Amino acid sequence: MDIQSTRFGPLEIADDAVIEFPDGLIGLPGTRYALVTQSENASFFWLHSVDDPSIALPVTQPWLFFSTYEVQVSDDDAKRLGLESSEQADIFCVVRAAKDLKDFTVNLRGPIVVHAGRRRGCHIINTAGDFDVRQPLFAQVELAQAPPVSAAVPVAATGV
């Protein structure tokens with residue numbers, strides 16, 4: 001399918017790259033999203049709505065920046081996604097960008113969990129620790145030190 005992104009222009013999204021969020025994402029419309037990125041070596045993705053071309057959230061995998069981060073997925077959420085093991089899950093956290101890198105934050109309290117094989121996701125409240133909704137992103141790792149993300153979920157578009 002083709003979408004006309006207000007951020008990136010025309011995007012071609014393969015059907016097998018669409019992630020379904022049956023309960024939606026907290027505070028956002030729509031239930032279908034896809035991952036897009038600037039390059040294969042990027043540390044960030046955009047979780048782009050397929051239903052609303054004006055919605056795209058910057059996300060990253062938390063372990064790139066916080067090596068001791070933990071996520072606890074409830075039994076209900078795991079069942080809803082069809083997760084039988086942690087290896088089936090991709091975890092993403094929403095990034096809040098700012099003018100200065102020192103002001104970037106990441107939501108470690110509310111990660112997005114995606115069953116990579118089923119391309120089904122949900123937004124959860126993490127109860128594994130005392131994680132912040134606006135944790136400074138570059139508190140432990142500088143941007144130049146962050147490795148590229150490597151999600152099992154198919155990336156819909158590269159080069160945006």
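Start by selecting strand β6, residues 56-60, together with β7: in this predicted model, the two pair in the antiparallel sense over two bridges. For a spot to zoom in on, pick Thr 60, which stands opposite Cys 93 in β7.

Now keep β7 on screen and colour residues 89-96 by accessibility. How many of the eight residues in β7 are buried? Seven are, leaving the strand mostly covered.

Next, add strand β9, residues 112-115. It runs antiparallel to β7, and four bridges join them. Click on Ala 89 and look across to His 115, its bridge partner in β9.

Then bring in strand β8, residues 105-106. Two bridges join β8 to β7, again antiparallel. Here the residue to pick is Arg 96, which stands opposite Thr 105 in β8.

Time to leave β7. Jump to strand β1, residues 2-5, and select Ser 5. Is Ser 5 buried or exposed? Its relative accessible area is 3%, so it counts as buried. Show side chains and you'll find a polar contact of 2.8 Å between those of Ser 5 and His 48. The side chain of Ser 5 also reaches the backbone nitrogen of Arg 7, at 3.1 Å. Beyond its neighbours within four places in sequence, Ser 5 is in contact with Leu 11, His 48 and Pro 53, so display those too.

Last stop: helix α1, residues 75-81, where you should select Asp 77. Asp 77 has 13% relative accessibility and therefore counts as buried, the cut-off being under 20%. Setting aside residues up to four places away in sequence, Asp 77 touches Cys 122 and Ile 124.

Terms used: Residues numbered from 1 in each chain as written. Predicted model: local features only at pLDDT ≥ 70, side-chain atom pairs only at ≥ 80, totals over all residues. Heavy atoms only, no water. Buried < 20%, exposed > 50% of the residue type's maximum accessible area, 1.4 Å probe, protein only. Polar contact = N/O pair within 3.5 Å; in protein donor to acceptor, adjacent residues only side chain to side chain. Contact = heavy atoms within 4.5 Å. Pairing = 2+ DSSP bridges.
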